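Trainee: Could you take me through one part of this model in detail? I would like to see how a single helix sits against what surrounds it, starting from the core.

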Amino acid sequence: MAEIAVEQQQEKLKSISDGFYASHLISIGIECGLFETINNKKGATPTEIASELELYEPYIEIWCQTAYYYELLDLENEGRYVLQPHMDELLVDKSSLKTMAAGFRLFVNIAGGRLIDYPKYYKSGGITEEYSAERSKLAADALALGHQIFLFYLSILQDEDRLKKKLIQPFKLMDIGCGSGGFIIKLAQAYQDGLFWGIDPVSFGIEAAKEEVVNLGLDKKVFLEKIGGETSDFIDEFNITSLFLTFHELPPNVRHRVARTGFRRCL
């Protein structure tokens, strides 16, 4: 192994710290609408951005300078900042399959806060507390991209695929850990012959999902219940069971029970 100089290690740690600050900078830009405003105006000065959004101009100027340093923005004539290439697709356009905006908001506002408590869990073996209303909302936003990608995957399945065969006839699907119901709501809109059950032990997501289901007129197709996936008193049987980015959220001592329940309930 080649000898590593202390300066190399310093540079490595600096890049890690830069990533921390850049993540927060991006999250601020998304939450405050800075990226969106710059994109909509096809470039803007800090004064124009602050005026448009009614924000404190000196801070906006520092934010723009820092975003330029991190190569998120470019600087044109007359002090106008513009998004670097593709940043509109990655940080502004919520419909893009490549968007990363919701992920940064989740990392900074939820994951970052949870990491503060981790040292005590390393001593006690404890786990983080239940999802809050804010965390449920941010998680739903971050997962929306994954839902879109999976729906696209379903749309290109070959006719002989086992899953495709189930989806082209009447079926019942149970989503374990449905959160705010984004996945099964999109499925219910895409597949007219399906009935969908979502279960989750967190009340915030379930209540938000119920409201959305009623608003969309899907209450005869989508059913939601506040229970954990390991429960044994959920007696319906299903053609398909899904766990969409859920398994890693489960306490290790119940993962096997959740998997067994899902398998047993699936015909």
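**A helix and the core beside it**

Mentor: Happy to! In this predicted model, the largest nonpolar core has 22 residues, and those that touch the most other members are Leu 187, Phe 196, Val 222 and Leu 224. Two or more residues come from each of α7, β3 (171-176), α9, α10 and β5. Helix α9 gives the largest share, five residues. Take Leu 187: leaving aside residues up to four places away in sequence, Leu 187 touches Leu 151, Leu 154, Leu 173 and Phe 196. There is also a second, separate core of 20 residues, which includes Phe 35, Ile 38, Cys 64 and Phe 104.

Now let's turn to α10, one of the contributors to the largest core. Helix α10 covers residues 203-215, 13 in total, and its first and last C-alpha atoms lie 18 Å apart, close to the 18 Å expected at 1.5 Å a residue. Its buried residues are Gly 205, Ile 206, Ala 209 and Val 213. Looking down the axis of α10, you find these buried residues within an arc of 95°, so they line one face of the helix. What do they pack against? Their partners are α7 (133-155), α9 (182-190), β4 (194-199) and β5 (222-225). On the face of α10 turned away from this buried side, you will find the exposed residues Glu 211, Val 214 and Asn 215. Finally, follow the chain past the helix: α10 is followed by Gly 217, which has a positive phi, near 70°.

Technical notes: Residues numbered from 1 in each chain as written. Predicted model: local features only at pLDDT ≥ 70, side-chain atom pairs only at ≥ 80, totals over all residues. Heavy atoms only, no water. Helix = DSSP H or I, 4+ residues; strand = E, 2+ residues; numbered from the N terminus. Expected span 1.5 Å × (residues − 1). Buried < 20%, exposed > 50% of the residue type's maximum accessible area, 1.4 Å probe, protein only. Arc of directions from axis to C-beta. Contact = heavy atoms within 4.5 Å. Core = buried A, V, L, I, M, F, W, Y, C linked by side-chain atoms within 4.5 Å.
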